[in-house]
Amino acid sequence: MNLFTAPEVVMNFAAAGKKKSELSIFKMLVLGILAGMFIALGAAVTNTAAHTITDVSTARIICGLLFPAGLSLVVLMGGELFTGNCLISISVLAKETTVAKMLKNWLFVYIGNFIGSIIVAFGCAYFGQMNYSGGGLAVFTMKLAATKASLPTGNAVVLAFFCNVLVCFAVLCSLQAKDVCGRIFGTFLPIASFVICGFEHSVANMYYIPAGIFASHVPAYAAKAAEAGLDLSMLTWGNFIVKNLIPVTIGNILGGVFVGVAMWLGHIYNGKK
């Protein structure tokens with residue numbers, strides 16, 4: 001067969017997670033920055049494609065079709081993505097690595113993802129990428145960012161949980177394939193599903209909300225937002241971190257660890273201590 005079975009994928013990831021947890025801090029940061037940029041570029045693409053579409057269903061479908069490019073790049077280019085690396089929990093359960101090494105990976109990959117996403121958000125906001133539709137893309141970006149920064153904490157956690165369930169299954173599905181096309185297609189449907197549903201992804205939000213914050217500090221974009229009657233009061237770094245990034249990160253961790261534990265119990269665990 002031109003694919004690995006589910007138990008084989010779980011065992012393969014146990015070994016891969018061991019390698020991830022033993023990367024140097026430098027490599028975690030560099031590969032994390034690349035992954036953050038990949039996801040941010042996917043987010044920038046979806047904003048650009050959807051910003052003039054008034055029908056919500058059509059806009060979500062378009063976003064769902066385009067956003068998976070980001071994770072495909074992560075998978076194919078070997079980037080380190082915090083949300084997918086929640087699956088290192090499999091390696092911990094398989095005793096291939098330790099909790100301390102897993103947490104070290106999460107921390108430095110998360111920092112790298114944040115840096116990469118911020119680079120893209122800053123570049124798009126300050127160097128004209130949001131000039132589409134006479135600044136309409138910038139207004140759309142700010143509106144989306146304000147909406148995300150206003151999410152109730154419980155909503156953010158639960159929507160993030162479901163998001164990373166799908167992201168982690170996308171990673172595992174991509175690893176089932178033994179060829180490039182199969183790996184890309186493996187990521188596609190789960191990622192498209194989370195985007196269409198509007199679930200919350202911490203690394204994507206490292207682009208979506210900072211891009212809105214940066215845009216709000218560009219005078220021309222701020223004037224466009226005022227003309228549109230857009231309330232920018234929620235667009236602060238404090239709201240971004242406290243009201244969105246922290247609860248979404250918690251939800252992503254819970255979702256990713258849930259998948260790791262469930263797959264290990266279902267396919268590897270034999271009932272013996």
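**Aromatic pairs, helix packing and local environments**

In the predicted model, Tyr126 has a relative accessibility of 35% and therefore counts as partly exposed, since this class lies between the limits of 20% for buried and 50% for exposed residues. When rings are paired on the criterion that their centres lie within 6.5 Å, the count comes to 15 aromatic pairs. One of these pairs is formed by Tyr126 and Phe214, whose rings are 5.7 Å apart from centre to centre, with an angle of 55° between the planes, and the pair is classed as tilted. This pair links distant parts of the chain, as Tyr126 belongs to helix H7 (residues 99-126) and Phe214 to helix H11 (residues 202-216), with the two positions 88 residues apart. Unlike Tyr126, which is partly exposed, Phe214 counts as buried because its relative accessibility is 10%, under the limit of 20%.

Another aromatic pair is made by Trp237 and Phe240, with 6.0 Å between the ring centres and 70° between the planes, an edge-to-face arrangement. Here both partners lie in a single helix, H13 (residues 237-267), at positions 3 residues apart, or about one turn of the helix. In an α-helix there are 3.6 residues a turn, so residues three or four places apart point the same way. The two partners nevertheless fall into separate accessibility classes: Trp237 is partly exposed, at 34% relative accessibility, whereas Phe240 is buried, with a relative accessible area of 0%. Both pairs belong to a cluster, in which ring pairs link Phe114, Phe122, Tyr126, Phe127, Phe214, Trp237 and Phe240. Apart from the ring pairs, an aromatic face is also met by a charged side chain, as Lys178 lies over the face of Phe4 at 4.7 Å from the ring centre.

With regard to helix packing, helix H3 (residues 56-66) and helix H10 (residues 180-197) pack with their axes 8 Å apart and at an angle of about 145°, and H3 passes H10 in a right-handed crossing. On the side of H3, the contact is made by Arg60, Ile61, Cys63, Gly64 and Leu65, which meet Phe188, Ala192, Val195 and Ile196 of H10. By residue type, this contact between H3 and H10 consists of 7 nonpolar residues, 1 polar residue and 1 charged residue.

Helix H8 (residues 132-148) contains Ala138, which is buried because its relative accessible area is 0%. Leaving out residues up to four places away in sequence, Ala138 touches Met130 and Tyr221, and although Ala138 and Tyr221 are 83 residues apart along the chain, their C-alpha atoms are separated by 6.1 Å. The buried residues of H8 are Gly135, Leu137, Ala138, Val139, Thr141, Met142, Ala145, Ala146 and Lys148, and these residues pack against helix H2 (25-50), H11, helix H12 (219-227) and H13. H8 also includes Ser133, which has a positive phi of about 55° although it is not a glycine. A positive phi, near 60°, is likewise found at Lys95, again a residue other than glycine. Lys95, however, is located in the loop between helix H6 (88-93) and H7, where it is exposed, with a relative accessible area of 74%.

Two further positions illustrate contacts between residues that are separated in sequence. Ile119, in helix H7, is partly exposed at 43% relative accessibility and, when residues up to four places away in sequence are not counted, touches Ile33 and Met37. Ile119 and Ile33 are 86 residues apart along the chain, with a separation of 9.0 Å between their C-alpha atoms. Glu80, by contrast, lies in the loop between helix H4 (68-77) and helix H5 (82-85), yet counts as buried because its relative accessibility is 4%, under the 20% limit. Neighbours within four places in sequence aside, Glu80 is in contact with Lys20, Leu23, Leu31, Gly32, Ala35, Asn85, Asn105, Val109 and Asn113. Separation in sequence is accompanied by separation in space for Glu80 and Ser150, which are 70 residues apart along the chain and 29 Å apart from C-alpha to C-alpha.

Definitions and conventions
Residues numbered from 1 in each chain as written. Predicted model: local features only at pLDDT ≥ 70, side-chain atom pairs only at ≥ 80, totals over all residues. Heavy atoms only, no water. Phe/Tyr/Trp six-rings, centres within 6.5 Å; stacked < 30°, edge-to-face > 60°. Helix = DSSP H or I, 4+ residues; strand = E, 2+ residues; numbered from the N terminus. Buried < 20%, exposed > 50% of the residue type's maximum accessible area, 1.4 Å probe, protein only. Lys NZ or Arg CZ within 6 Å of the ring centre and 35° of its normal. Axes fitted to C-alpha atoms, helices over the stretch in contact; angles between N-to-C directions. Left-handed = near helix turned anticlockwise from the far one by under 90°. Contact = heavy atoms within 4.5 Å. Nonpolar A, V, L, I, M, F, W, Y, C, P; charged D, E, K, R; others polar.
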